[in-house]
Amino acid sequence: MAHDLAIRGGTLATATETFNADIGIRNGRIVTISEAITDAKDVIDATNHIVMPGGIEAHCHIAQESGMGVMTSDDYETGSISAAFGGNSCFVPFAAQKVGESLAQTMQTYDERAVPKSVLDWSYHLILTDPTPDVLAELPDVFAKGVTSFKVFMTYATRVSDGQFLDILSVAGRHGALTMVHAENHDMLDWMGRRLVEGGNVAPRHHASSRPSLAEEEAINRAISLARLAQAPLFIVHVSTAGGAKLVANARSEGGQVWAETCPQYLFLTRNELDKPGMEGAKFICSPPLRDTPTQKILWQHLQAGSLSLVSSDHAPYRYDDTGKFNGGYDVDFRKIANGMPGIEMRLPLLFSEGVNKGRISLNKFVALSSTNAARIYGMLPRKGSLSIGADADIAIWDPNEKRIAGEMHDAMDYNPFAGTEVTGWPVTVLGRGQRIVDNGKLIAKPGAGQFIKRAPIDLTEHPGQSVPELNPDQNFGVNLA
Ligand code: URP
Ligand code: ZN
Ligand code: ZN
């Protein structure tokens with residue numbers, strides 16, 4: 001039977017190998033990988049281009065109210081379009097529970113936001129802000145619908161207590177679900193913030209000092225301990241410190257069920273950006289805050305060594321106006337400026353340019369960090385994140401030599417924190433289930449073309465977990481706590 005589409009003459013890159021072959025697609029799936037496919041109804045010439053699994057953006061805030069109640073500028077249409085122009089074929093934004101709301105209500109709200117608008121296939125990570133017993137009892141239903149990851153905050157107004165965190169970990173762990181955490185010690189941040197503001201230090205640049213590395217390191221250590229006690233897998237989002245990354249590496253080297261990511265802003269920007277004139281530094285307020293050049297070097301080492309598994313954007317788009325950054329007013333201290341910056345379209349080009357082209361990571365590691373590891377951790381492999389027979393034809397075709405100075409993106413933002421950076425290597429064509437989403441700078445897919453992806457439980461093979469003696473009946477006077 002003829003192929004619907006063939007991608008011919010490209011260099012294929014997976015998370016493990018690079019080789020020359022054609023890809024044949026039928027009914028939205030990869031059905032042939034061979035030397036020459038000559039029977040396709042439609043052909044993409046990928047000569048001198050790299051053909052790889054489309055990126056999976058696994059940390060982004062789309063059509064979501066922040067902890068401060070500010071709505072992101074991007075909805076599922078602009079957010080998914082911008083992601084596609086940045087080489088992604090699938091994304092996993094957050095669905096944030098409002099206090100008092102059931103998880104069924106939360107899911108319905110986000111379905112209404114996503115279904116008519118997304119050009120990408122998507123899933124959600126569910127943010128839990130109000131883990132009452134009734135809400136915890138709903139978790140298995142959510143899990144059965146294929147939403148197999150939950151996120152909690154250790155800071156912001158929407159934070160959970162350690163006890164609530166343990167309850168969530170325990171229920172999620174029993175059902176094979178993954179708990180994600182924003183790890184910063186809330187009281188340390190609050191205390192530092194108050195001291196700075198009381199001393200008149202209110203400008204955006206003080207945001208960085210108000211959220212010390214120690215606060216992240218303490219919270220990561222605590223989160224890993226809580227997950228170990230609950231015997232549950234844990235994912236630490238946006239690791240920004242050397243100490244935090246080391247804690248993750250140590251736990252993983254002892255079999256810990258711990259995964260983590262970092263983000264482009266921690267690899268490519270420093271806290272000096274916060275010191276721009278006037279309120280301009282507000283554009284660079286995100287949490288955890290930007291750090292320094294020595295930290296960037298160490299984060300790269302952890303990506304190279306495999307202790308950090310993903311580079312995600314943490315796209316949190318709040319415009320530089322009163323709908324976003326200055327929702328609480330223009331003349332406010334740094335604590336009242338919306339946290340977050342955009343980056344969904346820049347994530348992969350920056351990682352390719354600075355990572356692959358500058359020799360910090362291999363092309364295969366790029367595929368792992370941008371796509372395959374996310375598919376594995378979040379239960380979508382081999383359907384997503386893979387160039388294998390039977391996989392969805394979610395494919396990004398890159399020109400590794402195209403040079404551009406980063407400027408305006410396709411999101412709904414009014415600034416790009418990476419603007420002015422010279423970037424070499426850009427996606428040319430992105431396919432979702434064998435259909436062109438973007439092609440040579442043009443949007444092809446229509447809003448609503450994306451589908452919800454049901455995800456599987458996390459695969460814990462090779463992650464046996466770390467024992468806790470007191471959970472062993474032989475060591476706790478015979479009590480079985482299972
Ligand atoms: O500053 C950030 N990262 N804002 C988005 C929410 C979060 O903490 O991820
Ligand atoms: Zn966060
Ligand atoms: Zn985030």
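Which backbone atom lies 3.1 Å from a nitrogen atom of ligand 1? In this predicted model, the atom is a backbone N or O of N339. Taken alone, ligand 1 exposes 270 Å², and the protein buries 95% of that area. The space that ligand 1 takes up is the largest pocket.

The surroundings of ligand 1 come next. The shell holds 13 residues, and those that come nearest are Y156, H182, S287, D314 and N339. By class, the shell divides into 7 polar, 4 nonpolar and 2 charged residues. Besides the backbone contact of N339, two side chains can be named. A polar side-chain atom of D314 is placed 2.7 Å from a nitrogen atom of ligand 1. For H61, an N or O atom in the side chain is 3.2 Å from an oxygen atom of ligand 1.

H61 and D314 also lead to the metals. Together with H59, they coordinate the zinc ion (ligand 3), at 2.0 to 2.2 Å. The histidines H59 and H61 each use NE2, while D314 uses OD. In sequence, these donor residues follow the spacing H-x1-H-x252-D. Thus D314 has two roles here: its side chain has a polar atom 2.7 Å from a nitrogen atom of ligand 1, and its OD is a donor to the zinc ion (ligand 3).

Why is the arrangement around the zinc ion (ligand 3) called tetrahedral? The 4 donor atoms subtend angles of 86 to 133°, and the class requires that all angles lie between 85 and 135 degrees. For comparison, the ideal angle for four tetrahedral donors is 109.5 degrees.

The second metal is the zinc ion (ligand 2), and 3.8 Å separate it from the zinc ion (ligand 3). Its coordinating residues are H182, through ND1, and H238, through NE2, at 2.0 to 2.1 Å. H182 is also one of the residues that come nearest to ligand 1. What geometry does the site of the zinc ion (ligand 2) have? With angles of 58 to 148° among its 4 donor atoms, the site is irregular.

Taken together, H182 coordinates the zinc ion (ligand 2), D314 coordinates the zinc ion (ligand 3), and both residues are listed among those nearest to ligand 1.

How values were computed
Residues are numbered from 1 along each chain as its sequence is written. Chains are lettered from A and ligands numbered from 1 in the order in which they are written. This is a predicted model: local features need pLDDT of at least 70, side-chain atom pairs count only at pLDDT 80 or more; totals for chains, interfaces and linings use all residues. Side-chain values use heavy atoms; hydrogens and water are left out. A residue is near a molecule or strand if one of its heavy atoms lies within 4 Å of it. A polar contact is a pair of N or O atoms within 3.5 Å; within protein, one must be able to donate a hydrogen and the other to accept it, and residues adjacent in sequence count only if both atoms are side-chain atoms. Accessible areas come from the Shrake-Rupley method with a 1.4 Å probe; for residues, only the protein chains shown count as cover. On a 1 Å grid over the protein atoms alone, a cavity is a set of points where a 1.4 Å probe fits but cannot get out, and a pocket is an open set with protein on both sides within 12 Å along at least five of seven lines; lining residues have an atom within 4 Å of a point. A molecule sits in a cavity or pocket if more than half of its atoms lie within 2 Å of its grid points. Ala, Val, Leu, Ile, Met, Phe, Trp, Tyr, Cys and Pro count as nonpolar, Asp, Glu, Lys and Arg as charged, and the others, Gly among them, as polar. Donors are N, O and S atoms within 2.8 Å of the metal (3.2 Å for Na, K and Ca); water is not among the atoms, so sites may look incomplete. Four donors count as tetrahedral if all angles lie between 85 and 135 degrees; four count as square planar and six as octahedral if opposite donors are over 155 degrees apart and all others between 65 and 115; anything else is irregular.
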